[in-house]
Amino acid sequence: MKKLIIILPGDGIGKEVTAQGRKVLEKVAHEFRHQFEFKEALIGHEAIEATGTSLPDETLSILKQADAILFGAVGHPYYDNNPSLKVRPEQGLLKMRKELGLYANLRPIKLFDELLDASSIKPEILKGSDILFFRELTGDVYFGEKGRKDNDTTAYDVMIYSKYEIERIAHKAFAAAQTRKKKLVSVDKANVLESSRLWRSVVQEVGKDYPDVQLSHLFVDAAAMKLIQDPRSFDVVLTGNLFGDILTDEASQIAGSMGMLASASIGDTVGLYEPIHGSAHDITGKGIANPLASILSTALMLDISFGLKEESESVIDAVSQTLKAGFRTVDIADSNTAKDKILSTEQMGIKVSHRIHANKTVLAN
Ligand code: NAD
């Protein structure tokens, strides 16, 4: 299979982790005899420095030729500390999602058994958790009208959703539930918010097309509690942009670390794959970032964008075998991890890619 993959490393550890994602894709191409062509382009702070804008036209036109996109992260402390700056790295990400019509963010939250102890939640509560989040990406307070009034003493962000936006992601989430345990929880705040009341009624309407899927609803506050109390009770979770942003970060604790969670942003055209973490400037340049979220993002790409299930599973297997062999990056190591098993970002990428084979074999180290 011949594919053009665009890599957008972005800022901070984005560069470090996407380099490992690329390494894994190169190994997959070699093992399974595919031809993956890679091109890199600018986004975020780096793009602002070079061109004055966080998503240059050149990047956008390259993205439009892509068969899939591997994205790192954007963000820089300079902007975090100056909230009034008009040109900002995250604008590039939001604009890219809009321009490419990426309206659904899929975040699988699955715990590798080897990392049961890395989570701050008790292992007996976690074991067997397997949740697939569908977070809406192009509506909500992020894109509603926003502004200041009363001499700058009042600010507002409008939470807005249209029926069409809810319908299209609901169909994707129900279809996914049909391939899993056939349970879908829709999360909203319908007791207070009008946009949530529309959300709930549209989801109920769409649900009639999927009678085999058991639909239930939770208010976001209750969902936040239940995720930690009983994560195994969830299968597919469907929610809006803001609630999804918060709940998926909370759910990252189920997987042990931000560095373990991959995501896919899809719409009706190209798919974009990225770790859920940010540019993590506190650890940038130290070579200690966990690349597994970026590597697991490539597994999602192989499966969702290219339909390469066996190749995708070979990547997940390779991650699992590497963890089973005891290898860890610092963020997922604990007091039982031997010093010589703690790997740098690059070493982890190498260990995983060595374990990717068209015919499965298990390496001990
Ligand atoms: P962050 O996800 O970058 O980091 C949160 C914490 O998790 C940090 O302590 C970091 O060291 C740790 N961490 C994150 N990824 C890790 C990894 N792969 N391995 C090991 N540890 C990891 O979030 P933040 O600190 O709130 O934000 C930092 C910057 O990233 C900000 O500028 C923010 O705007 C940006 N950001 C970007 C995205 C994105 O591009 N999608 C998402 C979130 C935050």
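**Close-up views of a predicted model**

**View 1. Helix 7 lies across several strands of the predicted model.** The strands under helix 7 are strand 4, strand 5 (130-136), strand 8 (183-188), strand 9, strand 10 (236-239) and strand 11. Helix 7 runs at about 165° to strand 5. Helix 9 (residues 220-229) also lies across strands: strand 5, strand 8 and strand 9. The angle of helix 9 to strand 9 is about 105°.

**View 2. An open sheet is formed by 10 strands.** The order of the strands is 2-1-3-12-11-4-5-10-8-9, and the pairing is mixed. At the edges are strand 2 (35-40) and strand 9, each of which pairs on one side only. From one strand to the next, the twist averages 25°. Strands of a sheet pair through backbone hydrogen bonds, and they do this either parallel or antiparallel.

**View 3. Strand 4 and strand 11 run antiparallel.** Strand 4 covers residues 104-110 and strand 11 covers residues 262-266. Three bridges join strand 4 to strand 11. L106 has A264 in strand 11 as its bridge partner.

**View 4. Y78 and Y79 form one of four aromatic pairs found in the whole structure.** A pair of aromatic rings is described by the distance of the centres and the angle of the planes. For Y78 and Y79 the ring centres are 5.2 Å apart and the planes are at 75°. Planes over 60 degrees apart count as edge-to-face, so this pair is edge-to-face. Y78 is partly exposed, with a relative accessible area of 45%. Y79 has a relative accessibility of 3% and counts as buried, because the limit for buried is under 20%.

**View 5. F174 and Y210 form a stacked aromatic pair.** The distance is 5.1 Å centre to centre, with 10° between the planes. This pair links distant parts of the chain, as its two residues are 36 residues apart. F174 is in helix 7 (residues 163-178). Y210 is in the loop between helix 8 (194-207) and strand 9 (214-219). F174 counts as buried at 0% relative accessibility, and Y210 counts as buried at 12%.

**View 6. The charged end of K98 sits over the ring of F143.** The charged end of K98 is 4.5 Å from the centre of the F143 ring. Another lysine, K226, lies over the face of F234. For K226 the distance to the ring centre of F234 is 5.9 Å.

Note on methods: Residues are numbered from 1 along each chain as its sequence is written. This is a predicted model: local features need pLDDT of at least 70, side-chain atom pairs count only at pLDDT 80 or more; totals for chains, interfaces and linings use all residues. Side-chain values use heavy atoms; hydrogens and water are left out. Rings of Phe, Tyr and Trp (its six-membered ring) pair if their centres lie within 6.5 Å; planes under 30 degrees apart count as stacked, over 60 as edge-to-face and the rest as tilted. Buried means under 20% relative accessible area, exposed over 50%, partly exposed in between (1.4 Å probe, protein chains only). Helices (H or I, at least four residues) and strands (E, at least two) are DSSP runs, numbered from the N terminus. A charge sits over a ring if NZ of Lys or CZ of Arg is within 6 Å of the ring centre and within 35 degrees of the ring normal. Two strands pair if DSSP finds at least two bridges between them. Axes are lines fitted to C-alpha atoms, for helices over the stretch in contact, and angles run from 0 to 180 degrees between N-to-C directions. Contact means heavy atoms within 4.5 Å.
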